[in-house]
Amino acid sequence: MLRHVKRTRKRLHVALVYNSDLGTGQIAPEDRGSVHDLRIMIRRMARTLRSVGYNVTVLPLARDLFGFQRKLRRLHPDVVFNQYDDVVHGALYEMRLAAVVRMMGYPVTGSPALALGLTRYKYMSASLLHGASIPIPPQTELLERLGDVDRHKRAFPLIVQPGQEHAGIGLERDSVVYSKKALRDKVRHILHEYNQPALIQAFLPGREFNVGVVGGHRLRVMPLAEVVYDLPDDIPPIMSYAAKWVETSLEYQNTRVECPAQVEPELARQIGVTALRAFRAVSGWGYGRVDIRLDDEDMPRVLEVNCNCCLDEGMGLARSAERAGIPYPQLLQLVVKAALEGPPYDVDIPMVQPISRPV
Ligand SMILES: Nc1ncnc2c1ncn2[C@@H]1O[C@H](COP(=O)(O)OP(=O)(O)O)[C@@H](O)[C@H]1O
Ligand SMILES: [Mg+2]
C-alpha cells in the first residue's frame with residue numbers, strides 16, 4: 001500500500017528581541033526612538049517577518065536578564081533577530097545582547113558583539129581602519145586630558161566630539177573649531193559634561209554619504225544616500241544633535257537626505273569599495289551603514305561604521321535597499337539569511353548552563 005507522507009517544511013522560528021526598558025525619569029529625544037517608536041517598528045517588523053513565512057515570537061528584554069534567558073531557552077528559536085538598542089549612553093552595552101545570545105548557542109542577526117563594542121569607541125575603530133589602510137579623516141586623535149590640547153600643533157578647522165557616543169550626541173554648532181582656544185573650550189566641555197575623552201579630527205568640508213551594506217559572505221552595497229545641507233555659513237554642515245532630533249531647529253529643517261545620490265560612477269565605485277572594506281575591517285556582519293565624507297581632493301574617508309543600524313521600513317538602509325529593488329520583506333530575509341550563514345570563524349559552542357537546573 002502506498003502511503004502518502006505529507007512533508008511539511010518546518011517554518012523558521014525567529015525570536016525578535018528588543019529593548020523594552022522604559023528607564024526612569026525623562027526620556028531624551030534620541031531615546032524616544034528606542035522606546036515608543038521602537039515598539040511600533042517591532043510590531044511592523046514582526047508582521048513583515050511573518051509575511052515571508054517565518055514563525056515570529058516577539059521577546060522584550062528589560063532588566064530581567066535571567067528571565068529573558070529562561071524564555072529564550074524555552075522558545076529555542078532558529079535565530080534571534082537583534083533589535084536590542086540600549087538606552088544607556090557612553091557604554092559598550094549594545095554588544096551585550098549579541099554576546100549573551102551567542103553564548104547560548106543561537107544565531108543572531110547583525111554584527112557580533114566584538115564589532116558592536118568596537119564601533120562604539122570611535123577612536124578604536126578609526127585606528128583599526130587606519131591600520132587597514134582605509135582612509136579616515138586626517139589628524140584623528142583622542143584627547144583624554146585638557147593638557148593634551150598643547151601636545152602639538154594642529155591645522156584648523158577641527159571637529160570635536162565625545163569619543164564614545166552616537167546619534168549626534170555632543171555635536172553642536174560649536175563642535176567645529178577654528179582656534180586653539182575654541183578647541184580647548186570644547187575639549188573641556190566634553191571631558192566634564194560627558195565624562196569621556198574627546199575625539200578630534202580634521203573637519204572634512206566635502207560631500208557626505210550614508211552607504212548601506214547588506215549580506216553575509218556576499219556583501220552588497222546599496223545605492224548611495226547623500227546628506228545635503230542648506231545652512232547659513234555660521235552653522236557647520238554636520239549631522240549634529242539638532243539636525244537629527246530637534247524638529248524645530250534650523251539644522252533639522254535644512255538638512256535632507258537624497259537617495260539615490262547623484263554621483264559619477266567612478267566616485268560611487270570608490271565610495272562603495274571603501275564602505276565594504278570598512279565594514280569588513282571592524283568585523284561587521286549582515287547589514288550596516290557606513291558614514292563617509294569626501295576630503296578637499298574628493299577622496300572618500302570613513303567617519304564611522306554603524307553596525308546594527310536602523311532597520312525600520314522606509315528609513316536609511318531600508319530606503320536605500322528599496323532603491324536597489326529590494327523590498328522591505330526581502331531585506332529582512334537577507335538579514336536573517338546572513339545570520340544563519342554566520343560570520344567567519346564563529347564557533348557554535350553554548351557556554352551558558354541551563355538556568356533552571358536544580359542546585
Ligand atoms: N571629520 C569630520 N569631518 C566632517 N564632518 C564630520 C567629521 N566627523 C563627523 N562629522 C559630522 O558629524 C556627524 C556625526 O558624526 P559621526 O562620527 O557619524 O557620529 P554619530 O555617531 O553621532 O553619527 C557626521 O554625520 C558628519 O556630518
Ligand atoms: Mg554617524
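**Cores, ligand shell and backbone of a predicted model**

Me: Leaving aside its neighbours within four places in sequence, which residues is Ala 278 in contact with?
Reply: The model is a predicted one, and a contact here requires C-beta atoms, placed from the backbone, to lie within 7 Å. Once neighbours up to four places away in sequence are set aside, the contacts of Ala 278 are Leu 129, Ile 134, Val 290, Val 302 and Val 305.

Me: Which residues have the most contacts inside the largest nonpolar core?
Reply: Nonpolar side chains tend to be buried together in soluble globular proteins. In this chain the largest nonpolar core has 69 residues, and those with the most contacts inside it are Leu 16, Val 17 and Ala 278.

Me: Which helix gives the largest share of this core?
Reply: The core of 69 residues draws at least three residues from each of domain 1 (13-108) and domain 3 (208-224 + 259-341). Its largest share amounts to seven residues, and these come from residues 328-341, that is, from helix H11.

Me: How many residues are in the other core that lies apart from it?
Reply: Leu 158, Leu 183, Leu 204 and Ala 243 are among the members of this other core, which lies apart from the largest one. The number of residues in this other core is 19.

Me: Is Val 176 buried or exposed?
Reply: Val 176 lies in strand S6 (residues 176-177), and, not counting residues up to four places away in sequence, Val 176 touches Pro 157, Ile 159, Phe 203, Pro 236 and Ile 238. A residue with 20 or more other C-beta atoms within 10 Å is classed as buried. Because Val 176 has 21 other C-beta atoms within 10 Å, the class of Val 176 is buried.

Me: What separates the C-alpha atoms of Val 176 and Ile 200?
Reply: Along the chain, Val 176 and Ile 200 are 24 residues apart. In space, the separation of their C-alpha atoms is 9.6 Å.

Me: Which domains does ligand 1 lie between?
Reply: The ligand is surrounded by 16 residues, the closest being Pro 137, Gln 201, Leu 204, Ile 238 and Met 239, while S12 and S13 each supply at least two residues of the shell. Because two domains both give residues to this shell, ligand 1 lies between domain 2 (137-202) and domain 3 (208-224 + 259-341).

Me: How many charged residues are in the shell around ligand 1?
Reply: By class, the shell around ligand 1 includes nine nonpolar and three polar residues. The charged residues of this shell number four.

Me: Where does the cis peptide bond from Phe 156 lead?
Reply: Most peptide bonds are trans, whereas the bond that starts at Phe 156 is cis, with omega near 5 degrees. The residue it leads to lies in the loop between strand S4 (141-143) and strand S5 (158-162). That residue is Pro 157.

Me: Which residue does a cis peptide bond join to Cys 259?
Reply: Omega of this bond is about 5 degrees. The proline that it joins to Cys 259 has its place in the loop between strand S11 (255-258) and helix H9 (265-281), and this residue is Pro 260.

Me: Is Asp 298 buried or exposed?
Reply: Phi of Asp 298 is near 65 degrees, a positive value in a residue other than glycine, and Asp 298 is found in the loop between strand S12 (286-294) and strand S13 (300-306). A residue with 12 or fewer other C-beta atoms within 10 Å is classed as exposed. Because Asp 298 has 10 C-beta neighbours inside 10 Å, Asp 298 counts as exposed.

Methods: Residues are numbered from 1 along each chain as its sequence is written. Chains are lettered from A and ligands numbered from 1 in the order in which they are written. This is a predicted model: local features need pLDDT of at least 70, side-chain atom pairs count only at pLDDT 80 or more; totals for chains, interfaces and linings use all residues. Helices (H or I, at least four residues) and strands (E, at least two) are DSSP runs, numbered from the N terminus. A nonpolar core is a set of buried Ala, Val, Leu, Ile, Met, Phe, Trp, Tyr and Cys residues joined through C-beta atoms within 7 Å. Domain bounds come from an automatic or database domain assignment. Two residues are in contact if their C-beta atoms, placed from the backbone, lie within 7 Å. A residue is near a molecule or strand if its C-beta atom, placed from the backbone, lies within 6 Å of it. Ala, Val, Leu, Ile, Met, Phe, Trp, Tyr, Cys and Pro count as nonpolar, Asp, Glu, Lys and Arg as charged, and the others, Gly among them, as polar.
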